[in-house]
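Let's take a walk through a protein model together. Have the structure open and turn it as you read.

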Amino acid sequence: MATGPMTPVRYHPLDEATLADPYPVLAALREQTPVAWHETMQSWLTSRYHDCLRVLRDHERFARDPRRLGLKVPDAHLSVQVLDPPQQAGVRSLFMSALHAQDLDTLQHSVGHLVRERLEQSGAHPVEAMSQLAQPVALAATTGLLGVTPPPLAEWAATSDTIMRSMDAGLDPELVEPGRHARTQLSDLVASWFTTTGRPTGLLGHVRTRAAAAGPEQAAYMRHTARVMFQGGYSTLTAALGNLLHALAHHPELRSVLRENRHLVRTAVDELVRYDGPVQGTTRLATGDVTIRGVRVRRGQKVTVLFAAANRDPDAFADPDRIVVDRTPNQHLGYGWGTHACLGTVMAQRVLAVLVDALLDTQVWPCPAGPAIRLRTATMRTFARLPLSLHSRP
Ligand code: HEM
């Protein structure tokens, strides 16, 4: 049995080749060192599906909340994303019931309208699909869900990008300070949503009414969770829309398959999140000494669960490197699993399906129109630039 950090693995998430295509190195990791110590990240990496699932399911042994290991967490960071059960339960169930109370059909309809408008506007010219399609659609979807006025897109996209990049501060400490500044801007925006006097609407309206009646600690968790819903939801959805468009552009054969089998759009968008999802991994902390696949992980050590590797594990998915639009079941980890699983899954699935439906309805299919440039981020897999032409193709 290995008892501590072993030979470092050659996995550099920010290398150009890995950014372009992380799946070969993730496959090597999965096959050769499924539980590997990463010196720079100061973390164990798990890359096999069943090991990842085990870590995500076992919140007793694998903490999200660093305070369980005696570490300090700034109060402003305490949201559904950081709290663990039982403390997490109240705020998570409040947001889940707030989500269930929303009229997602109407929201889906208005997002569909925006997508069609954008597709029609693009005409014969190539578009930069992140700024012209993915970002505006994600902003409309997340602010529509929350029931708030969208901030100006360009300004907001820059703030959100800075926060997203700061998730990689473990690999690049220079990202910490800009991230802190951008988080303050986000906190101010969200705080203003809680103090506004207008009639509360949307998910935030639901939460705001409860926050007013809750004690100060719970009310703070609610505000911080609203922040995660907005920024996390926006940035992940933007990335997912870009990755989906890129996959469609590189797999033109999917067009006729989906045209002839429209009922497969829902399973297809789920498969595309498995195939090239936006969230590459997440971290937990071992609450005691624990063994994963024969490797001893010490109390307090970090464990990074590599969703992207797990989602291509041949032990869990037949033909994992192929897009199988009717893959069923498809219990991938692209939306996480367990007590911290994505709260926006249903909403995200609907928005992704709206985009594919609109492409099929308007007979437009994306086609590469220049080099796509990945953003240099490890946790989130997304594009800085995604030039596409969106011609009509009868
Ligand atoms: C395709 C788009 C999306 C994907 C692939 C995605 C993926 C994920 C993943 C993998 C996690 C779990 C992270 C972990 O275990 O540490 C997560 C958590 C979360 N997501 Fe999403 N997400 C998406 C869109 C959204 C949207 C649109 C919203 C909100 C409107 C949202 C809200 C959240 C929240 C609040 C959490 C934290 C849940 C918790 O810790 O209890 N997500 N998401």
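Before we start on the sheet, one term: two strands count as paired if DSSP finds at least two bridges between them. With that in hand, look at strand 2 (residues 43–46) and strand 8 (residues 302–305), which run parallel and are joined by 4 bridges. Keep in mind that this is a predicted model. One of the residues to pick out is Thr46, whose bridge partner in strand 8 is Val305.

Now zoom out to the sheet. It is an open sheet of 5 strands in the order 1-2-8-5-3, and its pairing is mixed. Strand 1 (35–38) and strand 3 (62–63) are the edge strands, each pairing on one side only. As a general point, strands of a sheet pair through backbone hydrogen bonds, either parallel or antiparallel.

Next stop: the ligand. Which residue is the only protein donor of its iron atom? That's Cys342, whose SG atom sits at 2.3 Å from the iron. You'll find Cys342 in the loop between helix 13 (307–310) and helix 14 (345–361).

Cys342 has plenty of company: 26 residues surround the ligand, and the closest are Arg64, Arg92, Thr282, His340 and Cys342. Helix 10 provides the largest share of this shell, 5 residues, and strand 5 (282–286) also supplies at least two. Sorted by class, the shell has 13 nonpolar, 10 polar and 3 charged residues.

Some residues place a polar atom by an oxygen atom of the ligand, including these:

| Residue | Atom on the residue | Distance to a ligand oxygen |
|---|---|---|
| Val80 | backbone N or O | 3.5 Å |
| Gln88 | polar side-chain atom | 3.1 Å |
| Arg284 | polar side-chain atom | 3.0 Å |

Let's finish with some empty space. Rolling a probe the size of a water molecule over the atoms shows where such space is left. The second largest pocket has a volume of about 270 Å³. Its lining is made of 17 residues, and Asp21, Tyr23, Tyr275, Arg312 and Arg381 lie nearest its centre.

Which helix gives the most to this lining? Helix 2 does, with 5 residues. Helix 2 (23–32), helix 10 (216–250) and helix 12 (265–276) each supply at least two. So helix 10 turns up in both places, because it supplies at least two residues to the pocket lining and at least two to the shell around the ligand as well. By class, the pocket lining divides into 7 nonpolar, 3 polar and 7 charged residues.

Methods
Residues are numbered from 1 along each chain as its sequence is written. This is a predicted model: local features need pLDDT of at least 70, side-chain atom pairs count only at pLDDT 80 or more; totals for chains, interfaces and linings use all residues. Side-chain values use heavy atoms; hydrogens and water are left out. On a 1 Å grid over the protein atoms alone, a cavity is a set of points where a 1.4 Å probe fits but cannot get out, and a pocket is an open set with protein on both sides within 12 Å along at least five of seven lines; lining residues have an atom within 4 Å of a point. Grid points are joined across faces, edges and corners, and a volume is the space filled by probe spheres set on the points. Ala, Val, Leu, Ile, Met, Phe, Trp, Tyr, Cys and Pro count as nonpolar, Asp, Glu, Lys and Arg as charged, and the others, Gly among them, as polar. Donors are N, O and S atoms within 2.8 Å of the metal (3.2 Å for Na, K and Ca); water is not among the atoms, so sites may look incomplete. A residue is near a molecule or strand if one of its heavy atoms lies within 4 Å of it. A polar contact is a pair of N or O atoms within 3.5 Å; within protein, one must be able to donate a hydrogen and the other to accept it, and residues adjacent in sequence count only if both atoms are side-chain atoms.
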